[in-house]
Amino acid sequence: MVRSRLDPTKRVLHITEAMGGGVASALFDYLRSTPELEHHLLYVSRAETSALGAQWKELFTSVQELPQGQLNRIRKVRSRIKELKPGVVHSHSSFAGFYARLAAAKSASLRQVHTPHCYAFERLDLKRPLRLALRLIEWTLSFNTTVLAGCSPRETALGARRFLSPQRSYLPNLAPELPIRQQTADSVSVRTEVLRVTGAGRLGAQKDPELFISAIQQLRQAGNRVVASWVGGGDPVLVDRLNRAGVQVTGWLPRPEALERLADNDVYLHTAAWEGFPLAVLEASALHLATVVRDIAAFQGLGLPAKITESSELPGLWEQLRDPIFRAELVAQTRYALRSNTRSAQRQALLEAYAIEAESGLTGSAEPTSTEARSVAHSGGSR
């Protein structure tokens with residue numbers, strides 16, 4: 001057992017069943033935003049976990065892998081809570097929330113904080129009875145939740161409408177902290193003849209790569225020159241489907257390399273059918289990629305300038321996207337829409353969720369300068 005350096009109220013046990021991709025990136029940001037706290041981790045390894053590298057475990061005071069089997073995982077969480085006696089258990093995603101809130105009851109000395117990273121009952125690939133059952137499970141577990149910490153305003157509000165959590169907190173995701181050479185380049189690359197379009201994330205039903213493929217095919221059938229890629233990995237069937245459609249799939253990469261691959265594009269196309277709030281959109285914005293998103297509930301009220309509902313709408317935007325001035329203005333508008341996703345806002349939300357007072361002199365990393373919105377000179381297409 002790890003001997004604690006701090007009092008229990010500043011000891012946080014994180015639990016995740018999806019150690020990789022956006023959840024892992026968000027979790028690492030939480031650690032960087034609260035360096036004065038003692039962070040421990042229980043996790044389930046996935047295929048993408050290997051892309052995190054060899055040093056990530058050193059970010060935590062302790063790291064342990066959860067065993068196979070749902071009951072065994074609940075027992076492991078319960079025993080680890082008894083060993084560590086943390087002041088906070090922070091569960092990330094649906095299964096982790098299931099383990100954490102069945103393993104221990106919230107109390108005056110133990111805060112149960114849950115971040116859904118997209119509720120399971122929003123999965124459109126599940127039949128309605130199962131989705132209703134998942135909704136009922138979340139409602140039941142809400143009675144053992146101290147704070148519902150959603151990663152988007154909508155996810156937070158959804159929890160407030162559906163559940164009885166006594167407290168809720170919007171816990172914003174962050175854009176990557178890029179090297180100065182990338183941060184100071186406030187423009188996008190100019191490729192007027194051939195545009196590079198990319199998607200990103202874990203290939204599965206949620207990301208709807210079929211919509212991405214359809215959009216690329218329609219662009220090419222219309223005679224447009226486009227180089228298409230997907231940064232990430234996942235379902236081998238979908239990987240093969242993308243490759244056969246002329247979309248290069250990188251597979252899982254360490255995050256710095258994944259960001260480099262993203263940066264080597266002109267347009268980021270986010271086709272997910274449902275989301276909590278995707279880090280990839282923040283990454284694309286930070287990398288100055290013109291970003292087009294599918295118009296789904298996760299983006300409601302954010303003011304993102306370029307949305308489509310069907311793949312057939314992307315060719316209608318193409319002539320505008322070929323214009324480097326339009327792309328630059330689209331970048332500026334997107335960055336302005338995401339201006340509240342800051343380190344200081346995330347740190348404040350975490351400390352409030354954990355009921356910990358901020359220590360003097362610790363304010364988190366310096367905030368990036370927000371880009372002022374500029375109206376798009378060309379009309380049409382962005383909605």
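**Buried, bridged or exposed?**

Visitor: Why is Arg 241 called partly exposed?

Guide: This is a predicted model. In it, Arg 241 has a relative accessible area of 24%. Buried means under 20%, and exposed means over 50%. The value of 24% lies in between, so Arg 241 is partly exposed.

Visitor: What makes Arg 241 and Glu 210 a salt bridge?

Guide: Their closest N and O atoms are 3.1 Å apart. The cut-off is 4 Å, so the pair qualifies. Glu 210 sits in helix H7 and Arg 241 in helix H8, 31 residues apart. Glu 210 is partly exposed, at 36%.

Visitor: How do you know whether Asp 29 and Arg 343 are buried or exposed?

Guide: Asp 29 has a relative accessible area of 4%. Arg 343 has 3%. Both values are under 20%, so both residues count as buried.

Visitor: Why is the link between Asp 29 and Arg 343 called a salt bridge?

Guide: Their closest N and O atoms are 3.6 Å apart. That is within 4 Å, so the name fits. The pair joins helix H1 to helix H13, across 314 residues. Arg 32 is linked with Asp 29 and Arg 343 in a network of salt bridges.

Visitor: What makes Arg 202 and Glu 48 a tie between distant parts of the chain?

Guide: Arg 202 lies in the loop between strand E8 and helix H7, and Glu 48 in the loop between E2 and strand E3, so their salt bridge ties parts 154 residues apart in sequence. The N to O distance is 2.2 Å. Arg 202 is partly exposed, at 31%. Glu 48, at 5%, is buried.

Visitor: How do you know whether Ser 91 is buried or exposed?

Guide: Its relative accessible area is 1%. That is under 20%, so Ser 91 is buried. Ser 91 is found in strand E4. Among its contacts beyond four places in sequence are Ile 15, Ala 100 and Thr 115.

Visitor: Which residues have the most contacts inside the largest nonpolar core?

Guide: They are Met 19, Tyr 268, Phe 299 and Tyr 354. This core has 50 residues. Strand E1 and helix H13 are among the elements that give two or more residues to this core. A second, separate core of 28 residues includes Phe 212 and Trp 230.

Visitor: What makes Trp 139 fit for a surface patch?

Guide: Trp 139 has a relative accessible area of 36%. A patch residue needs over 30%, so Trp 139 passes that cut-off. Trp 139 forms a nonpolar patch with Leu 136 and Phe 143. Together they have about 310 Å² of accessible area.

Conventions: Residues numbered from 1 in each chain as written. Predicted model: local features only at pLDDT ≥ 70, side-chain atom pairs only at ≥ 80, totals over all residues. Heavy atoms only, no water. Core = buried A, V, L, I, M, F, W, Y, C linked by side-chain atoms within 4.5 Å. Buried < 20%, exposed > 50% of the residue type's maximum accessible area, 1.4 Å probe, protein only. Helix = DSSP H or I, 4+ residues; strand = E, 2+ residues; numbered from the N terminus. Patch = residues over 30% accessible without salt bridge, like charges linked within 9 Å, V, L, I, M, F, W, Y side chains within 5 Å. Areas by Shrake-Rupley, 256 points an atom, 1.4 Å probe, with all protein chains shown as cover. Salt bridge = Lys/Arg side-chain N within 4 Å of Asp/Glu carboxyl O. Contact = heavy atoms within 4.5 Å.
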